[in-house]
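Me: Please teach me how to read a protein model, one feature at a time. I would like the general idea before each case.

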Amino acid sequence: MAIKINTEPCDASFVVGQSHWWGFPDLPQDVDWPCNSDGDHLTFICQIRMEDIRHLDHLSELPDDGMLWFFADMDYFLGDDEARCEGMGEWSPDSFRVIYSCKSTTLCTHELYWESGEPAVLPPESVTFEETGETEYCHKLLGQPAMTEGWENENEGLLSLLQIEEEDRWHLRFFDCGMVNFMIPYEALQRLDFSRVSVCLHSL
């Protein structure tokens, strides 16, 4: 089984320290907001509090406690034509980052603003979780990529740590009916070695 992520707009104060999508990340104080090799901040995608999904992780593939954060070069796919664009297939290692902390408390909200004073993030959304199939088309944790035709062999020994689908509400498009998957070797996940994560974009 995989874990489906449902999102819903909410008040920004509601998500501080909680699992959420978009908005500002609540990172450990000694961890900076990650950037790509051009010095641009990676888009904060989501943070997942492990205790929120523990009851759905029947194979204990993820840690029981702590917080997991996902960042990537997503601005182009959110409509910023001037942003750096990663293409089809595997993305360059500096274009994404997965961070894990064994603690989900004593975190510091990292804020980022445009020169106009507007938040340089999409409005935060609260999340809920439910069981779903291994290869479902949805935002999900674990399982296998829904779009596997032609690249099954590339996935051998890998789990889809996070799958991101296109979303009209966010104007999120991955070329033509595409999706992004954060992939990790199973043995690396067991060691909590998130430096082994890779990211692939596949589209029809």
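Reply: Accessible areas come from the Shrake-Rupley method with a 1.4 Å probe, and for residues only the protein chains shown count as cover. Here the accessible surface of the chain comes to about 10,000 Å², and 47% of that surface belongs to carbon and sulfur atoms. Please keep in mind that this is a predicted model, in which local features need pLDDT of at least 70 and side-chain atom pairs count only at pLDDT 80 or more, whereas totals for chains, interfaces and linings use all residues. Residues are numbered from 1 along each chain as its sequence is written, and side-chain values use heavy atoms, with hydrogens and water left out.

Me: Which secondary structure elements does the chain have, and how do they run from the N terminus on?

Reply: Helices (H or I, at least four residues) and strands (E, at least two) are DSSP runs, numbered from the N terminus. By that count the chain has one helix and 13 strands, and the elements run β-β-β-β-β-β-β-β-β-β-β-β-α-β. The radius of gyration, taken over C-alpha atoms, is compared with a globule rule of 2.2 Å times the number of residues to the power 0.38. For this chain the radius is 16 Å, close to the 17 Å that the rule gives for 204 residues, so the chain is as compact as a globular protein of that length. Along the principal axes, its C-alpha atoms fill a box of roughly 45 × 35 × 30 Å.

Me: What is the order of the strands in the open sheet?

Reply: Strands of a sheet pair through backbone hydrogen bonds, either parallel or antiparallel. Two strands are said to pair if DSSP finds at least two bridges between them. In this model, an open sheet of eleven strands has the order β6-β13-β12-β11-β10-β1-β9-β2-β4-β5-β7, with antiparallel pairing. At its edges stand β6 (89-90) and β7 (96-101), each with a single partner strand, so one side of each is left without a neighbour in the sheet.

Me: How many residues of strand β5 are buried?

Reply: Buried means under 20% relative accessible area, exposed means over 50%, and partly exposed lies in between (1.4 Å probe, protein chains only). Of the 204 residues of the chain, 51% count as buried. Strand β5 (residues 67-72) has six of its six residues buried, so it is largely enclosed by the rest of the structure. M67, W69 and F71 point one way from β5, while L68, F70 and A72 point the other way, and all are buried. Strand β4 (residues 43-49) is also worth a look, for seven of its seven residues are buried, so β4 is largely enclosed by the rest of the structure.

Me: Which strands pair with β4 and β5?

Reply: β4 and β5 pair with each other in the antiparallel sense over six bridges, where T43 has A72 as its bridge partner and C46 stands opposite F70. C46 also stands opposite W21, since strand β2 (residues 20-21) pairs with β4 in the antiparallel sense over two bridges. On β5, F70 has V98 in β7 as a bridge partner, and β5 and β7 pair in the antiparallel sense over six bridges.

Me: Where else in the sheet can I follow the bridges, and which strands do they join?

Reply: Try strand β11 (residues 158-165), which is mostly covered, with eight of its eight residues buried. Two bridges join strand β10 (residues 140-141) to β11 in an antiparallel manner, with L141 opposite L162. β11 and β12 pair in the antiparallel sense over seven bridges, and there I164 stands opposite V180. Six bridges then join β12 (residues 178-185) to β13 (residues 198-203), again antiparallel, with M179 opposite H202.

Me: Which residues does G87 touch?

Reply: Contact means heavy atoms within 4.5 Å. G87 lies in the loop between β5 and β6 and counts as partly exposed at 32% relative accessibility. Not counting residues up to four places away in sequence, G87 touches F175 and L201. G87 and L201 are 114 residues apart in sequence, yet 7.2 Å apart in space, C-alpha to C-alpha. For the chain as a whole, among contacts between residues at least 6 apart in sequence, 67% join residues at least 24 apart.
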